[in-house]
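Subject: Handing over the structure

Dear colleague,

I am passing on the structure that we spoke about, and below it you will find my notes on what was found. Please read them with the structure open beside you.

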Amino acid sequence: MAFLVAFTPLVVLNCHGMQMQRMSGVLIPLFSMRRAEGDAGIGDLAALEDWVRWAAEHRVGFLQLLPVNAVGEDDCPSPYSAISSVALEPLYLTLEQVPGMSLPLPPYVEDLPPTQMPGGRDFVDYARVRMYKRYHLKRAFAHFEESAQYAAQRAEFDAWVTAQGTWLQDFAAFRVLSIAFGTNAWWLWPVQDTDVARFIVESTEDSRRQKRYQQWLQWLCAQQWARVRALADSLGVKLMGDVPIGISVASADVFFERYLFDMNWSGGAPAEGNFAEDPFTAKWGQNWGIPLYRWDVMEKDGFAWWTRRIRKLAEVFKMYRIDHVLGFYRIYAFPWMPDRNQEFLNLSADEAAARCGGRRPGFRPRPDWTAEDRRANLMQGDYLLRQLLKAVPGQLVIGEDLGCVPDYVRPDLSRLRIAGFKIPHWEIDEKQHIIKGQSYNPCSFATYATHDFPPICTDWDEWYSHVKAGEDALTDVTLSPAALREKRRVAEDCARVLCWLGEYAGLSREESLVPWGQGVKDALFRALFACRSAYAAMMWTELFDIPVRLNTPGTVGGSNWCPRMPFTAHQVAQMPQSAWLAAISQLTAR
C-alpha cells in the first residue's frame with residue numbers, strides 16, 4: 001500500500017479562510033499499545049513507532065494519545081491527574097534503547113497471577129510493570145554512570161540537565177521526597193518549606209544520586225520521544241497530545257509553586273444526569289481533585305507556567321487537545337476534595353454548605369446567570385486561551401467543549417481557530433433532527449465517542465436492546481401497566497437516537513433499528529469521515545469493534561486506564577480493518 005503514503009489530502013478553508021487539511025485519526029492511548037515482545041506489559045515508544053508506520057501506510061493523518069505526563073503510583077493512574085505538567089512518564093520508555101541496559105532482557109511474564117484486578121494479558125498490571133521496569137532501569141543507570149563507554153553521553157546528559165532549569169530540579173526532588181515519605185501527598189510530609197525540601201535532597205550522597213536518577217529518566221524520555229517525533233514528521237503523521245485542564249494537587253508543580261494555585265477549591269464538572277454508574281457523580285457532578293488556577297498571579301509573570309507547559313508539549317506533539325476547554329471561561333468547583341465525597345453524598349445542598357462555611361459547589365469565578373456574568377466569562381476565556389496559543393504559534397489545537405456549554409464558547413473557539421468537538425448524536429436541531437455533517441464548521445473535530453464513553457458499537461447495541469425489549473414487552477403479560485409504560489418509554493428514546501444516527505448516515509428507519517454490524521459500521525463512519533470537519537477520529541476499540549471502555553468518569557480503579565490491544569501494529573496491518581479504514585479515508589478524501 002505504498003501509494004497511500006504519497007496521498008495528498010484534500011485542503012479546505014476553515015472559518016477564517018485559513019487552509020486546513022481534512023485528516024482522519026485514531027485514538028490509541030499509549031498504554032493500550034502492544035509489541036510482539038519486549039514491551040514489558042505496557043505500550044512503549046517502540047510500539048508507538050510501529051503505529052506511526054501503520055498510520056502512514058493506511059491513510060491515517062494523526063494518532064491521538066491521552067496525556068503522557070508523569071503520574072503517581074496508583075493501581076490505575078489517571079493520565080489526567082499528573083504529578084507534573086512537564087515531566088514525562090518513564091513507564092513508556094523502550095528498555096532496549098536505554099544506554100547501559102544489559103541485553104537481552106528476561107521476558108516479562110504476562111500469565112502470572114495478577115497483582116491487581118482486573119488482570120490478564122488485555123489489561124496493564126501497573127504494579128508489576130513498575131517493578132519490572134524499575135529494576136532494569138536502575139541497573140542500567142548504574143552501568144551508565146560507571147562505565148567509561150558512556151562518558152560522552154554523560155556529558156550530553158549533564159548539559160541537558162543544565163539547559164532544563166528549575167522544573168527538572170524540582171520534579172526530581174519531588175520524586176525523591178515522594179519515595180522517601182511513601183506518598184505524593186506532600187501535605188502529609190514532615191517538611192513543607194520548599195527551600196528546606198530542596199536542601200534535604202541535596203544533603204546526602206544517596207539522595208543526590210536518586211535525584212540524578214530521576215533526571216536521567218527524564219533525559220531518556222526526551223530522547224526517545226524526539227526519535228518518535230522525527231519518525232512521525234518524516235512520514236507525514238501528526239502526533240496529537242492532550243493538555244488536561246488541571247494538574248493533580250499531589251504534584252511537583254503545586255508543591256513548589258503553590259502561589260499559582262487556589263487549593264480552597266477542587267475543580268470538576270456539574271451533574272449532568274448521564275453517569276448513573278456513580279451515585280456521587282449523578283447527584284453532585286465530577287470532583288476531579290485539581291486546584292484552581294490563580295489567574296491574576298499567573299498574569300504577573302506573563303503566564304510563564306502555561307508557556308513552559310505548552311512549549312514542552314510542542315517538542316513532542318504537532319497538535320494537541322485542550323481537555324475541558326470550558327474551564328478557561330469558568331470552571332465548576334467543589335469546596336471539598338474528592339476524598340470527602342462520601343461524606344457529602346447524602347447531604348442536601350444546605351447541609352453541605354453548612355459543613356463548608358457557607359461555600360457551595362458552583363461555577364467559578366462566576367456563574368452564567370446574567371448577561372454581565374456571561375460577558376465577563378467570555379472575556380476571561382478568550383484572553384486566557386490567547387495567552388496559551390501565543391506560547392507556540394502554528395500548533396493545531398482542538399478544544400474539548402463537551403458538557404454544559406454556554407452559548408458564547410463555541411463562537412469564541414471558532415474565532416480563535418480552536419476546533420471544537422462534534423458528537424453527531426448530540427448535534428440536534430430545534431425540530432429534533434440530527435444536524436448533517438455537511439453543515440459542520442470545518443474548524444471542528446468529529447467523533448462518535450471520547451475515551452470517557454463506551455465505543456459506538458457498545459452504545460448502539462445497548463440502545464437496540466432497549467428497542468427490542470420494548471417490542472417484547474407488548475406480549476409480556478407479567479408486566480404491570482407502569483412497567484410496560486417505562487419499557488416503552490425507554491424503547492422510544494433509544495429508537496429516536498438510533499434513527500438520528502441512521503438519518504446522519506443515510507439509513508432508513510428499518511435499516512437503523514437493527515443490531516450493530518458491518519453495514520451499520522460502514523454507513524456511520526463513511527458519514528462521519530465525509531463531514532466537513534477538518535478532523536474525524538475513531539477510537540481503537542471502535543476500529544476493531546471491541547466493547548471495552550477506557551474510562552468511566554466518577555469511578556477509580558477497575559479497568560480504567562488499563563485496557564490493552566490483543567494484537568500488535570504489525571498484526572493489525574494484515575487485518576481487514578486496516579484496509580477498511582484506508583478505503584473509508586480515500587472515499588471521503590481524507
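L416 is buried, with a relative accessible area of 8%, where buried means under 20% relative accessible area, exposed means over 50% and partly exposed lies in between, using a 1.4 Å probe and protein chains only. This residue belongs to the loop between α15 (409-415) and β12 (419-422), and here helices (H or I, at least four residues) and strands (E, at least two) are DSSP runs numbered from the N terminus. From C-alpha to C-alpha, L416 is 9.5 Å in space from V397, while 19 residues separate the two in sequence.

Before going further, please keep in mind that this is a predicted model, in which local features need pLDDT of at least 70 and side-chain atom pairs count only at pLDDT 80 or more, although totals for chains, interfaces and linings use all residues. Residues are numbered from 1 along each chain as its sequence is written, and side-chain values use heavy atoms, with hydrogens and water left out.

The same loop between α15 and β12 also holds R417, which has a positive phi of about 65° although it is not a glycine. R417 counts as partly exposed, at 40% relative accessibility. A positive phi of about 65° is also found at R59, again not a glycine, and this residue sits in the loop between α2 and β4. R59 is buried, with a relative accessible area of 8%.

Two peptide bonds deserve a look as well. The bond that joins L103 and P104 is cis, with omega about 0°, and P104 lies in the loop between β4 (62-64) and α3. The bond from R364 to P365 is cis too, with omega near 10°, and P365 is placed in the loop between β10 (362-364) and α14 (371-391). As background, most residues other than glycine have a negative phi, and most peptide bonds are trans.

Turning to the interior, the largest nonpolar core has 165 residues, and those with the most contacts inside it are L48, W216, W225 and W306. A nonpolar core is a set of buried Ala, Val, Leu, Ile, Met, Phe, Trp, Tyr and Cys residues joined through side-chain atoms within 4.5 Å. Helix α7 (residues 205-235) gives the most to this core, with 10 residues. Apart from it lies another core, of 14 residues, which includes F62, M319, F421 and I423. If neighbours within four places in sequence are left aside, W306 is in contact (heavy atoms within 4.5 Å) with V243, P244, I245, Y293, W295, M298, F328 and L388.

A charged residue may be worth comparing with these, namely D50, which is found in helix α2 (residues 45-57). At 16% relative accessibility, D50 counts as buried, and beyond its neighbours within four places in sequence it is in contact with R35, A569 and H570.

Next come two helix pairs, for which the axes are lines fitted to C-alpha atoms over the stretch in contact, and angles run from 0 to 180 degrees between N-to-C directions. Helix α3 (residues 126-146) and helix α4 (residues 151-164) pack at an angle of about 105°, with their axes 8 Å apart. That makes α3 roughly perpendicular to α4, because angles of 65 to 115 degrees count as roughly perpendicular, those under 35 as roughly parallel, those over 145 as roughly antiparallel and the rest as oblique. In this pair, F144, E145 and E146 of α3 meet Q153, R154 and F157 of α4. The axes of α4 and helix α5 (residues 166-181) come within 5 Å and cross at roughly 105°, which makes α4 roughly perpendicular to α5. Their contact is made by W160, V161 and Q164 of α4 together with T166, W167, L168 and Q169 of α5.

Finally, how many disulfides does a search of the whole structure find? The search finds zero, where a disulfide is a pair of cysteine sulfur atoms within 2.5 Å. C76 is in no disulfide, and the nearest cysteine sulfur, that of C562, is 3.4 Å away. The sulfur of C494 is 11 Å from the closest cysteine sulfur, in C499, which is too far for a bond. C76 is buried, with a relative accessible area of 12%, and C494 also counts as buried, at 8% relative accessibility.

With best wishes
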